[in-house]
Structure formats: structure tokens, C-alpha cells
Amino acid sequence: MDNSGNRQDVAVPPVEGVAGGGTAYGWNDGQGLNHLKGSIDPTEIPTRDLVHVWCMPSTANVGPQDMPRNLEPINLLAARNERESVQIAIRPKVSWGGSGVAGTVQVQCTDLCSTSGDRLIVGQSLLLRRVVPILGVPDALVPLDLPVSQINLLPGETAALWISIDVPSAQPPGQYEGEILITAIKSDTESVQSLSKVEKHRLYRELKDCLDTVEPIEGKPLDEVVERVKSATTSLRRVLLSPSFSEFFSENGPADIMDEDAISTLSLRVKLNLTVWEFVLPETPSLPAVFGISDTVIEDRYGVQHGTPEWFEALDQHFKWLLQYRISPYFCRWADGMRVLTYTCPWPVDHPKSDEYFSDPRLAAYAVPYSQVVSGNDAGKDYLQKQVEILRTKTHWRKAYFYLWDEPLNLEQYDSVRNMASEIHAYAPDARILTTYYCGPNDAPLAPTPFEAFVKVPNFLRPHNQIYCTSEWVLGNREDLVKDIISELQPENGEEWWTYVCMGPSDPHPNWHLGMRGAQHRAVMWRVWKEGGTGFLYWGANCYEKATTASAEIRFRQGLPPGDGVLYYPGEVFSTSHQPVASLRLERLLSGLQDIEYLRLYASRYGRDEGIALLERTGVYFGPERYTFEHMPIDAMRGQIFHACRS
């Protein structure tokens with residue numbers, strides 16, 4: 001993929017502290033830039049002479065010391081109802097800013113358009129976020145303004161931008177094209193005039209796009225007309241509310257601005273091409289991925305009291321935000337002995353919100369609480385009986401499960417699970433009980449060895465348990481154990497096998513620890529699919545250390561691997577936004593769940609054995625210690641599935 005217009009010469013810097021020092025001592029990151037001496041005016045110099053820009057896949061960890069590569073156009077493939085992501089890395093060649101900043105660049109995104117006039121709109125389908133290090137590791141994805149943002153570059157450091165494209169289910173398939181313009185600008189107040197010029201151009205383009213969107217509606221179906229008007233309304237509102245619009249039409253009149261040719265000449269353009277495929281990923285995930293959200297963490301950090309309107313609002317926000325990641329969230333709090341209260345909906349089952357939550361097609365499974373979440377008039381057993389009787393009349397009851405105990409260790413704890421399950425089954429014989437475990441009862445050996453005891457747990461818990469959720473850490477790299485576990489199950493009686501990761505397994509096995517490789521994060525779901533699990537559980541997505549203010553620094557819990565139990569961050573830590581901030585690891589989890597849909601589609605046509613053969617033939621995944629470190633095999637697998645399954 002040649003992009004000769006944006007070809008950039010790459011120079012490798014010396015190692016810092018060797019042969020006279022590194023970038024901190026004034027090393028120049030560019031080559032052949034001797035003509036750029038003295039004060040540098042970015043409004044007179046092409047941006048490609050000031051910065052390196054290159055593209056990296058979503059599985060790459062782009063750190064501050066990453067070295068430049070050649071810039072090539074971005075080519076992405078996506079199904080409908082899929083999110084696909086890519087990264088853009090920017091590294092200054094020289095400094096043109098002040099106060100310790102190498103310089104400021106403006107990043108502008110355009111809509112993606114097809115030849116037939118269909119669009120993927122910036123701010124709706126296309127999102128831009130900056131990759132922010134956590135403990136020195138790239139992880140937090142902090143949203144940037146769209147369609148135009150500014151970022152400061154530091155001397156000798158690489159900054160990374162994360163671009164995500166969400167393809168709606170009804171998006172017409174085809175080839176979509178757009179571009180990302182990167183323009184070096186002045187960092188001081190003198191840049192106001194040149195910036196306003198770019199803003200004027202952006203306003204013109206956005207208003208023209210609105211017109212293009214609503215004009216061709218004659219003879220179109222009503223639902224399409226409605227969607228086009230909604231799209232135009234969103235764009236118009238964004239223009240009217242933007243600071244640049246009000247500034248341009250202020251009492252002082254418009255500032256002096258550059259012409260469009262100047263922008264085109266100076267900006268560095270990154271071509272973005274997207275192929276949207278015909279098939280649609282199912283709205284309801286094929287594999288239930290249930291992830292815990294600590295309600296006490298929310299209560300402490302946001303200062304909301306349990307059961308108050310503010311508490312319900314905070315939980316509702318977290319629940320809805322996580323649904324976009326094909327996750328089925330549940331809220332949780334732990335009691336003594338690892339007994340756990342889990343619930344997907346904070347409202348009681350007879351509240352209208354309950355049906356709204358449980359009927360959402362994006363929710364694959366929901367947790368029913370064993371006891372009351374918020375204090376009420378109903379007591380203990382009456383509460384349990386009442387909610388079960390109501391839920392069993394609903395079509396969504398098939399999604400329900402009870403998660404009562406986290407990793408029971410001894411006979412007393414296993415008996416507690418049995419007793420609670422018996423009570424539930426007295427009211428609902430078809431209720432599903434889920435238990436996580438990594439061993440059998442340590443005071444009542446089930447078999448001569450721990451491994452054999454682990455495999456025998458289903459027989460020990462039957463008939464009180466229906467979903468046997470085992471630790472991937474215990475399995476290690478012994479895929480023979482997987483076959484032994486599955487052979488113990490009785491699927492004809494509704495028994496299922498799910499898996500989970502918690503602390504372990506560690507490198508090189510797939511997990512979501514901070515600092516693991518990108519493909520390693522994505523491989524968690526490849527492993528689930530190859531081993532034949534029918535569901536997955538993760539203990540916590542927001543389980544960082546306690547804090548009493550929303551903007552407090554994030555600290556991972558002591559005794560846990562960095563990142564374990566934390567897949568997103570409070571938005572207030574990074575800006576004034578109240579929206580949660582996703583991690584790289586959460587985005588890669590989503591990609592893995594989408595990969596499962598691809599593999600499931602392929603297996604539905606050619607059989608599961610052929611699906612496993614494809615996973616291995618493309619070099620994507622062989623086992624927990626053998627999987628790709630590179631991104632190319634992933635695209636190869638997805639491409640083969642598309643071409644084999646296209647209608």
C-alpha cells in the first residue's frame with residue numbers, strides 16, 4: 001500500500017543515555033530538515049515536514065517510544081452491526097511549540113461516503129479517542145471532540161489516536177471512503193486566525209453535508225426519510241452548538257482566514273477505506289458474556305447513597321454504556337465467605353424498568369438477585385418467591401440465571417450453594433444456578449488428585465447447579481481437561497459449561513492484564529470458542545481501589561495483577577465528562593466477541609471442526625500458549641469467512 005504523497009523518511013534515534021544522550025537532549029526526530037532553522041511557522045510549512053504519521057492495527061500497543069513507519073492508507077473490513085478500530089500514531093520531527101510542547105496538531109475527520117451516497121457520519125458512527133498510558137502502558141481511550149480536535153505533542157514521544165467505526169445494522173453494504181486530516185498549527189494565541197480559517201471550511205462542509213443528506217428524499221421509504229432527517233438534525237445541532245460557529249458570527253465579525261487550497265496543501269491526509277459486508281452480526285450476542293460491576297465502588301466514588309434516585313441513575317448509566325460492548329452486565333457486592341449478591345436490574349421485577357432491561361435484545365443473560373437489592377416491605381422468602389413467579393411469566397425468563405457464590409472452597413460453602421439452589425428450585429424448577437469454581441471442596445476430596453476433583457464437581461453439585469463456570473487458570477494448557485469436563489455434563493438436562501479468568505492465567509496465556517499484547521487480550525475469546533464454552537464470566541469491570549471523589553486517581557487493587565478487575569475508568573479522571581472511559585482491553589474484548597460471531601457463522605455452514613481448522617490454518621489460534629502476535633492472520637481469517645459465507 002504505497003502512499004507516495006505522504007511518504008516519510010524514518011530515522012532511528014540513539015538509545016537515551018548512550019553516545020551522548022537521547023531525545024531529551026535535543027535530538028532531532030526528522031531527517032533532512034536542516035532547512036527548518038530558527039522559528040518555525042506551521043502555517044507556512046507542510047505538516048509532513050513537521051511530524052511523522054503512520055497507522056497501526058487495533059492489536060498494537062503503541063507506546064511513547066514507538067518508532068515511525070511508512071504511512072499507508074487504512075483499509076478496514078466490517079460486517080453490519082460491528083465495530084472496527086484502527087490507530088494513528090503521530091510523532092514530532094521538530095519542535096514548533098513552546099513550554100515543553102513540541103507542537104500542536106489539529107485532527108479533522110470526514111464522514112465515510114460510498115459511491116451511492118450512503119454515509120457513516122462523524123460523531124455517530126466514527127469516534128476518535130486519544131490513547132492515554134496507565135502505569136506507563138497505553139490503555140485509557142479518552143474521547144476527543146469531533147469532527148475537529150487538537151492535541152499537543154511532546155518532544156521525542158509518540159502519541160496514538162484510536163479510531164472506531166460503528167456500522168449500523170441497516171447500513172447499505174459497499175465501499176466507503178473518507179480521510180483524516182492532520183494539520184500542524186500554532187500553539188499560542190496567534191493561531192486563532194489560522195484555526196478559524198480551518199473551522200470555516202469545516203462549517204461549510206458540514207452544512208453542505210446536511211443538504212446532501214436531506215435532498216434526495218423524494219420517493220424514498222418513510223423510514224429512510226426519517227433517518228436522513230435525524231442525521232441532518234444531528235449535524236446541524238453540532239454546527240450550531242460548536243464554539244467556532246458562535247465565534248465566527250460574533251459581533252466582531254469573522255477573523256481573517258486562509259483559503260481552502262492552503263489547508264489542502266499544508267495538511268497531511270490519511271486515507272480511510274472501509275468495506276461493509278452484506279451480513280449482519282446478531283443483535284443478541286451468541287455467547288453470553290456476563291461482567292460484574294461493583295455497586296459499592298460506584299457509591300463511594302460518586303457519593304451516591306444506596307437506593308436513592310441518584311444511585312439508580314448512576315447504575316443505569318453504567319449498565320447502558322457497557323451494553324455497547326456485547327456484554328451482559330450484572331451488579332455485584334460480596335459478603336463474608338465469598339457469598340455474592342448479583343443482579344442485572346436494580347429496580348424490582350414489578351417495575352417497568354425491569355422489563356426494559358431484561359427485554360433489551362443486546363442483553364444475552366441477566367442475573368436474578370437471591371435477596372432484595374434495595375430494602376422494601378417484602379421480606380426474605382416472600383421476596384424471592386414473588387420475583388420468580390413474575391419473571392417466569394416473561395419470555396425473557398430463558399435469559400435468567402442466579403449467581404450465588406463465588407468460588408466455594410469447602411464443604412460448608414458448597415452446602416450453602418445447594419441450600420440456596422434448593423429454595424430457588426422449589427419456586428422455579430427450571431431456574432438456572434451458576435457457580436464459579438477452581439477446585440472441589442478441600443475438606444471432602446472428590447478424587448485422588450486435585451485435577452480429578454476439579455473435573456468431578458458437576459457430579460457433586462448436581463442437580464442443584466446448571467451452569468458450571470470453571471477457571472481457565474486451572475486448565476492451564478491442558479486441553480484434554482476440557483474434554484473431560486464436557487464429558488461430565490448433561491446438556492440434555494440443561495447443563496452448560498462456562499469459563500472465567502480472575503487474576504490468572506498469566507502470560508503467555510490469554511487474559512486482560514495491563515501490558516499484555518493486544519492479540520493476547522483478543523485471544524481470550526478465541527480460547528472460549530475453540531474449547532467449546534457456551535458462556536463467559538468476568539468478576540469485575542470497575543473494581544479499582546476505593547475513592548470518595550469521581551476525579552480521584554485510579555489505583556489498582558493490591559495483590560492483583562495490574563488491570564485485573566478494571567476494564568474501564570471514570571471519565572472525570574481525564575476531563576469534565578461524566579461518561580466512562582473505555583480501556584484498550586475492553587475494545588479488544590469486543591473484537592474477540594465479534595470474532596466469535598464470525599466463527600459461529602462459518603461453523604453453521606461448514607461444521608465446528610472446519611471452524612477450528614480455519615482458526616488454526618490462518619495461524620490465529622492453536623492453544624493458550626500458541627496464537628498470533630500479529631494482526632494480519634486475524635484479517636485473513638475474517639476475510640476467508642466472509643468470502644466463504646457471503647450470500
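Here is a quick tour of two sheets, two helices, a cavity and some backbone oddities in this predicted model.

Residues are numbered from 1 along each chain as its sequence is written, and side-chain values use heavy atoms, with hydrogens and water left out. Because the model is predicted, local features need pLDDT of at least 70 and side-chain atom pairs count only at pLDDT 80 or more, while totals for chains, interfaces and linings use all residues. Helices (H or I, at least four residues) and strands (E, at least two) are DSSP runs, numbered from the N terminus. Two strands pair if DSSP finds at least two bridges between them. Buried means under 20% relative accessible area, exposed over 50%, and partly exposed in between, using a 1.4 Å probe and protein chains only.

**The nine-strand sheet**

- An open sheet of 9 strands runs in the order 15-14-13-21-20-19-18-17-16, with mixed pairing.
- Strand 15 (340-343) and strand 16 (366-367) are its edge strands, each pairing on one side only.
- At the strand 16 edge, 2 bridges tie strand 16 to strand 17 (residues 400-406) in parallel fashion, and Y366 sits opposite A400 of strand 17.
- Strand 21 (residues 535-538) is joined in parallel to strand 13 (residues 289-294) by 3 bridges, with Y538 of strand 21 as the bridge partner of F291.
- Strand 21 also pairs with strand 20 (residues 496-501), again in the parallel sense, over 4 bridges; here F536 of strand 21 is the bridge partner of T499.
- Look along strand 21 and you'll see G535 and L537 pointing one way and F536 and Y538 the other, all of them buried.

**The five-strand sheet**

- A sheet of 5 strands, also open, has the order 1-3-10-7-8 and antiparallel pairing.
- Strand 1 (51-57) and strand 8 (137-143) are at the edges with a single partner strand each, so one side of each has no neighbour in the sheet.
- Neighbouring strands here are turned by 30° against each other on average, direction ignored (axes are lines fitted to C-alpha atoms, for helices over the stretch in contact, and angles run from 0 to 180 degrees between N-to-C directions).
- Strand 7 (residues 126-134) runs antiparallel to strand 8 and is joined to it by 6 bridges; V131 has L141 of strand 8 as its bridge partner.

**Two helices**

- Helix 14 (584-606) has 23 residues and reaches 33 Å from first C-alpha to last, close to the 33 Å expected at 1.5 Å a residue; the expected span is 1.5 Å times one less than the number of residues.
- Helix 14 is largely enclosed by the rest of the structure, because 18 of its 23 residues are buried.
- Right after helix 14 comes G607, with a positive phi near 100°.
- Helix 6 (residues 309-323) has 15 residues and reaches 21 Å between its end C-alphas, close to the 21 Å expected.
- The buried residues of helix 6 include W311, F312, W321 and the charged-type D316.

**A cavity by helix 14 and strand 3**

- A cavity is a set of points on a 1 Å grid over the protein atoms alone where a 1.4 Å probe fits but cannot get out, and lining residues have an atom within 4 Å of a point.
- The count comes to 3 cavities of 30 Å³ or more, and the second largest has a volume of about 40 Å³; grid points are joined across faces, edges and corners, and a volume is the space filled by probe spheres set on the points.
- The second largest cavity is lined by S58, R83, E84, S85, E587, L590 and S591, with strand 3 (82-92) and helix 14 each giving two or more residues.
- By class, that lining has 1 nonpolar, 3 polar and 3 charged residues (Ala, Val, Leu, Ile, Met, Phe, Trp, Tyr, Cys and Pro count as nonpolar, Asp, Glu, Lys and Arg as charged, and the others, Gly among them, as polar).

**Backbone oddities**

- Most residues other than glycine have a negative phi, and most peptide bonds are trans.
- The G504 to P505 peptide bond is cis, with omega near 0°, and P505 is in the loop between strand 20 and helix 13 (518-531).
- Another cis bond joins D507 and P508, with omega about 15°; P508 is also in the loop between strand 20 and helix 13.
- N81 has a positive phi near 65° in the loop between strand 2 (74-80) and strand 3, and is partly exposed at 24% relative accessible area.
- R326 has a positive phi near 60° in the loop between helix 6 and strand 14 (328-334), and counts as buried at 8% relative accessibility.

Key:
1 Å grid on protein atoms, 1.4 Å probe; cavity = no way out; pocket = protein on both sides within 12 Å on 5 of 7 lines; lining within 4 Å.
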